[in-house]
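Hi,

Here is the structure I promised to pass on. Have it open while you read, and my notes follow right below it.

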Amino acid sequence: MSTVCAISTPNAVGGISVIRISGKDAIKIAEKIFVPFSKTPVSQMCGHTCTYGRVVYNERTIDDAVLTVFLEPKSYTGENVAEISCHGGIFVTKEVLRACIESGAEPAGPGEFTKRAFLNGKLSLTQAEAVMDIISAEGKQALSSANLAHEGILFKKIKSTADELVRILAELAAWVDYPEEDLPSVENETLKSSLSAAVSQLDKILCDYDSGLIFREGIDTAIVGRANVGKSSLMNMLLGFDRSIVTDVAGTTRDVIEESARLGEVVLKLSDTAGIRQTDDLVESMGVDLALKRLENARLIIAVFDASEELNSEDTELLDKISDKQSIIVLNKTDLQAKITPDNFKRYNKPVVMISAKEQKGKEELEKAVLSLFKLNNINSDATVFANERQKICVERAKNSLELALNALSLGETLDAVTVTISKACDHLLELTGEKATEAVVEQVFHNFCVGK
Ligand code: GDP
């Protein structure tokens with residue numbers, strides 16, 4: 001495999017930048033461009049040591065820097081690794097990178113270092129994916145789940161199910177080899193219960209997937225309601241100047257700036273606030289088209305009503321429109337004399353939260369309502385590992401195959417047919433862990449990484 005290099009820190013001005021070189025010739029290349037101030041030459045450095053010196057290329061000093069050396073196999077990638085920490089200017093960093101490339105290293109592709117770690121058996125595929133999740137985690141729950149996955153818990157969970165399937169397959173192979181002996185019914189039952197147990201284990205992972213998505217990506221939320229009920233005030237209360245976070249989700253399917261409000265462990269994505277505010281004006285002057293579209297696409301609707309006024313026809317129309325959406329009814333302006341109470345909303349069968357945006361009251365109640373609406377109350381942050389989309393698809397396929405196998409057993413089909421479907425399920429699980437992943441799958445996983453990781 002070739003020796004590769006990349007800038008591993010962000011492409012921005014900072015205190016320091018790190019240029020990483022990995023491969024058989026990493027130390028040799030580092031030696032060509034790095035002149036230590038100490039007497040020990042780079043080629044004599046032990047693994048896990050660093051030295052201070054100068055990056056010199058074509059007899060020109062580029063920067064003072066620190067060189068850290070890791071020798072194979074004790075490195076992130078499992079290969080020889082040299083890391084140059086230089087001053088964090090964009091130009092100087094690129095000059096160091098250029099010196100590495102001109103000295104024989106090739107530019108690394110996205111996720112190339114982590115891919116090499118996977119190929120060299122340093123990480124399972126799920127652990128490698130967890131590296132990406134750790135980098136992009138926005139909250140405690142997402143980070144703790146990514147850390148658990150990084151420790152290999154998801155791998156172990158899946159592996160234990162896959163091992164069980166392999167055991168069943170071995171047993172079946174024995175039975176298939178002796179077709180003259182009928183499968184005793186008790187063993188048929190044992191087989192069914194082992195398969196059902198595997199299905200339940202996979203089901204649990206699929207259930208957690210949805211919660212994981214919420215913790216990882218937040219909930220697309222639309223705040224709706226007629227004019228002057230306090231939508232903007234609620235938005236401001238949720239964003240609460242010091243707590244608001246702005247995420248620039250570049251490189252995802254939606255290249256938009258989103259304003260996110262953190263409600264405890266959950267992030268509500270109030271997409272494109274400027275647009276929403278503008279829409280409010282449009283609603284008054286032009287109609288409700290844009291608001292309706294937002295209402296259609298959002299995963300959560302917060303419908304705001306003015307508690308100090310009777311419900312009018314516009315309010316009830318809105319209530320009818322959101323009847324089949326996941327929504328929370330928010331009664332605002334509870335600091336004023338109440339004209340309506342939660343009782344007025346009983347027939348809509350939705351959670352009702354009383355707030356006063358003016359007095360900044362009710363945020364905790366709203367958080368509780370969101371958690372309970374999305375069934376996130378009982379998530380145990382210490383034990384839950386969330387799957388990503390790729391992993392979910394593998395689990396779904398494995399589960400479908402096992403259900404087919406169970407069905408085949410019930411219909412009394414041949415053991416050959418049952419064996420084939422169980423073996424397919426097993427393959428899907430091994431694709432998940434990376435033990436039987438095709439090159440295309442591996443490529444796809446690392447394609448989503450940033451260069452330098
Ligand atoms: P929007 O049109 O739905 O976005 O409503 P605004 O947030 O612009 O609020 C309309 C009016 O109601 C403003 O004058 C706010 O100051 C007022 N308002 C908003 N929330 C409250 C509240 O909780 N209590 C009281 N008394 N007034 C509020």
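In the protein chain, 68% of the contacts with a separation of 6 or more are between residues 24 or more positions apart. Do keep in mind that this is a predicted model. The chain has 453 residues, and 47% of them count as buried. Its secondary structure comes to 15 helices and 14 strands. As for the surface, about 22,900 Å² is accessible, and carbon and sulfur atoms account for 52% of that.

Now the ligand, which is probably where you will look next. Which residues are closest to it? They are Asn228, Lys231, Ser232, Ser233 and Asp335, out of 15 that surround the ligand. By type, that shell splits into four nonpolar, six polar and five charged residues. Helix α8 (residues 231-239) gives the largest share of the shell, with three residues.

The backbone takes part here too. Oxygen atoms of the ligand sit 2.8 Å from a polar backbone atom of Lys231 and 3.0 Å from one of Gly230. Lys358 also has a backbone N or O atom 3.0 Å from a ligand oxygen. On its own the ligand would expose 580 Å², and the protein buries 72% of that.

Two of the closest residues are worth a second look. Lys231 is found in helix α8, and its side chain reaches the backbone oxygen of Gly225 at 2.9 Å. Is Lys231 buried or exposed? With a relative accessible area of 12%, Lys231 is buried, because the cut-off for buried is under 20%. Asn228 is found in the loop between β8 (219-224) and α8. Asn228 is exposed, with a relative accessible area of 66%, and its phi is near 70°, a positive value in a residue other than glycine.

Lys375 has a similar story to tell about its backbone: phi is positive, about 55°, although Lys375 is not a glycine. You will find Lys375 in the loop between α12 (363-373) and α13, and at 69% relative accessibility it counts as exposed. While you are checking the backbone, have a look at the peptide bond from Glu72 to Pro73, which is cis, with omega near 0°. Pro73 lies in the loop between β5 (60-70) and β6 (81-87).

On to the interior. In soluble globular proteins, nonpolar side chains tend to be buried together. The largest nonpolar core in this model has 36 residues, and Leu165, Leu195, Leu402 and Ile422 have the most contacts inside it. Which elements give two or more residues to this core? They are α5 (140-150), α6 (153-177), α7 (185-217), α13 (389-410) and α14 (415-433). Leaving out residues up to four places away in sequence, Leu165 touches Leu195, Ala198, Leu402, Ile422, Ala425, Cys426 and Leu429. Another core, of 31 residues, lies apart from that one, and includes Val266, Leu270, Val304 and Ala369.

Three more buried residues caught my eye.

Leu300 lies in strand β12 and is buried, with a relative accessible area of 0%. Beyond its neighbours within four places in sequence, Leu300 is in contact with residues including Ile219, Ala222, Leu268, Ile328, Val370 and Phe374. Gln326 is another of its contacts; the two are 26 residues apart in sequence but 5.4 Å apart in space, C-alpha to C-alpha.

Tyr209 lies in helix α7 and counts as buried at 5% relative accessibility. What joins the side chains of Tyr209 and Glu389? A polar contact of 2.5 Å does. Setting aside residues up to four places away, Tyr209 touches Ala387, Asn388, Glu389 and Lys392. From Tyr209 to Gln391 the C-alpha distance is 9.4 Å, with their positions 182 residues apart in sequence.

Finally, Ser308 has its place in the loop between β12 (300-306) and α11 (313-321). Despite being in a loop, Ser308 counts as buried, at 16% relative accessibility. The Ser308 side chain makes a polar contact of 2.6 Å with the side chain of Asp306. Not counting neighbours within four places in sequence, Ser308 is in contact with Lys333, Leu336, Gln337 and Lys339.

Cheers

Key. Residues numbered from 1 in each chain as written. Predicted model: local features only at pLDDT ≥ 70, side-chain atom pairs only at ≥ 80, totals over all residues. Heavy atoms only, no water. Near = heavy atom within 4 Å. Polar contact = N/O pair within 3.5 Å; in protein donor to acceptor, adjacent residues only side chain to side chain. Areas by Shrake-Rupley, 256 points an atom, 1.4 Å probe, with all protein chains shown as cover. Helix = DSSP H or I, 4+ residues; strand = E, 2+ residues; numbered from the N terminus. Nonpolar A, V, L, I, M, F, W, Y, C, P; charged D, E, K, R; others polar. Core = buried A, V, L, I, M, F, W, Y, C linked by side-chain atoms within 4.5 Å. Buried < 20%, exposed > 50% of the residue type's maximum accessible area, 1.4 Å probe, protein only. Contact = heavy atoms within 4.5 Å.
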